[in-house]
Amino acid sequence: VLYQVSVDVTNTGELDGTEVPQLYVKLPGDDNPPVVLRNFASLPIAKGETVTWTADIQRRDLANWDAVTQDWVIRDGHKTVFVRGSCHSAPLWSRFAQDDVV
């Protein structure tokens, strides 16, 4: 595990419900998709309750397959992590650089 991402999710509705936080990663390079889903969970949340969801980001979540070396390689450049409730919701996000990866 290289990083952990945590978000607080609050049920502001009148009924108990479920939220599905989704962790997406944007990797550098023109040959990558805009974002890639890396983790998600289904969280039951009672009305008025706040829960914290924590997701691990592993080395492979930030890597691209290199056909020449036949290995997963973390490219130089900024990576961005997004957490959304759905693909249509506004994301929470954070950006980090290669130097941040150990």
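**Reading a ten-strand model: a tutorial**

Student: How many bridges join β3 to strand β9, and in which direction do the two run?

Tutor: 5 bridges join β3 to β9 (residues 79-84), and the two strands run antiparallel. Keep in mind that this is a predicted model. One pair to find on screen is Val 25, whose bridge partner in β9 is Val 81.

Student: Which other strand is joined to β3 by bridges, and how many are there?

Tutor: Strand β4 (residues 36-40) is joined to β3 by 4 bridges, and this pair is also antiparallel. Here the example is Tyr 24, with Leu 37 as its bridge partner in β4. As a general point, side chains in a regular strand alternate between the two faces of the sheet.

Student: What is the overall make-up of the protein in helices and strands?

Tutor: There are 0 helices and 10 strands. Read along the sequence, the pattern is β-β-β-β-β-β-β-β-β-β. The C-alpha trace spans about 55 × 25 × 20 Å along its principal axes.

Student: What share of the contacts joins residues at least 24 apart in sequence?

Tutor: Taking contacts between residues at least 6 apart, 61% join residues at least 24 apart.

Student: How do I read burial, and how many residues of β3 and of β9 are buried?

Tutor: Look at the relative accessible area; a residue under 20% counts as buried. By that criterion, 30% of the 102 residues of the protein are buried. Strand β3 (residues 22-26) is mostly covered, with 4 of its 5 residues buried. In β9 the count is 5 of 6, so that strand is largely enclosed by the rest of the structure. As for the outside, the protein exposes about 6700 Å², of which carbon and sulfur atoms supply 51%.

Student: Which residues touch the most other members of the largest nonpolar core?

Tutor: That core has 18 residues, and Leu 23, Leu 43 and Trp 53 touch the most other members. Two or more residues come from each of β1 (3-10), β3, β5 (43-45), β6 and β9. The most come from β6, with 4 residues. To follow one member outward, select Trp 53: leaving aside neighbours within four places in sequence, its contacts include Val 5, Val 7, Pro 21, Leu 23, Leu 43 and Val 83.

Student: Now charges. Which side chains meet in a salt bridge?

Tutor: The general idea is that side chains of opposite charge can pair when their charged atoms come close. The structure holds 1 salt bridge. In it the side chains of Asp 31 and Arg 75 meet, at 2.7 Å from N to O. Asp 31 lies in the loop between β3 and β4 and Arg 75 in the loop between β8 (71-73) and β9, so the pair ties together parts that are 44 residues apart in sequence.

Student: Are those two buried, partly exposed or exposed, and what are the values of Asp 31 and Arg 75?

Tutor: Asp 31 is exposed, at a relative accessible area of 57%. Arg 75 is partly exposed, at 27%.

Student: Where does Asp 61 lie, and what is the nearest side chain of opposite charge?

Tutor: Asp 61 lies in the loop between β6 (50-57) and β7 (64-66). The nearest side chain of opposite charge is Arg 38, 4.1 Å away. A salt bridge requires the nitrogen within 4 Å of the carboxyl oxygen. Asp 61 is buried yet has no salt bridge. Beyond its neighbours within four places in sequence, Asp 61 is in contact with Val 25, Leu 27, Arg 38 and Asp 56.

Student: What does Asn 64 touch, not counting residues up to four places away in sequence?

Tutor: Asn 64 touches Leu 27, Asn 32, Asp 71, Trp 72, Val 73 and Arg 75. Asn 64 lies in strand β7 and is buried, with a relative accessible area of 11%.

Student: And Ser 42: is this residue buried or exposed?

Tutor: Ser 42 is exposed, with a relative accessible area of 53%. Its place is in the loop between β4 and β5. Distance in sequence and distance in space are separate readings here: Ser 42 and Pro 21 are 21 residues apart in sequence and 7.1 Å apart from C-alpha to C-alpha. Not counting residues up to four places away, Ser 42 touches Thr 18, Glu 19 and Val 20.

Methods
Residues are numbered from 1 along each chain as its sequence is written. This is a predicted model: local features need pLDDT of at least 70, side-chain atom pairs count only at pLDDT 80 or more; totals for chains, interfaces and linings use all residues. Side-chain values use heavy atoms; hydrogens and water are left out. Buried means under 20% relative accessible area, exposed over 50%, partly exposed in between (1.4 Å probe, protein chains only). Two strands pair if DSSP finds at least two bridges between them. Lys and Arg count as positive and Asp and Glu as negative; His and the chain ends are not counted. Contact means heavy atoms within 4.5 Å. A nonpolar core is a set of buried Ala, Val, Leu, Ile, Met, Phe, Trp, Tyr and Cys residues joined through side-chain atoms within 4.5 Å. Accessible areas come from the Shrake-Rupley method with a 1.4 Å probe; for residues, only the protein chains shown count as cover.
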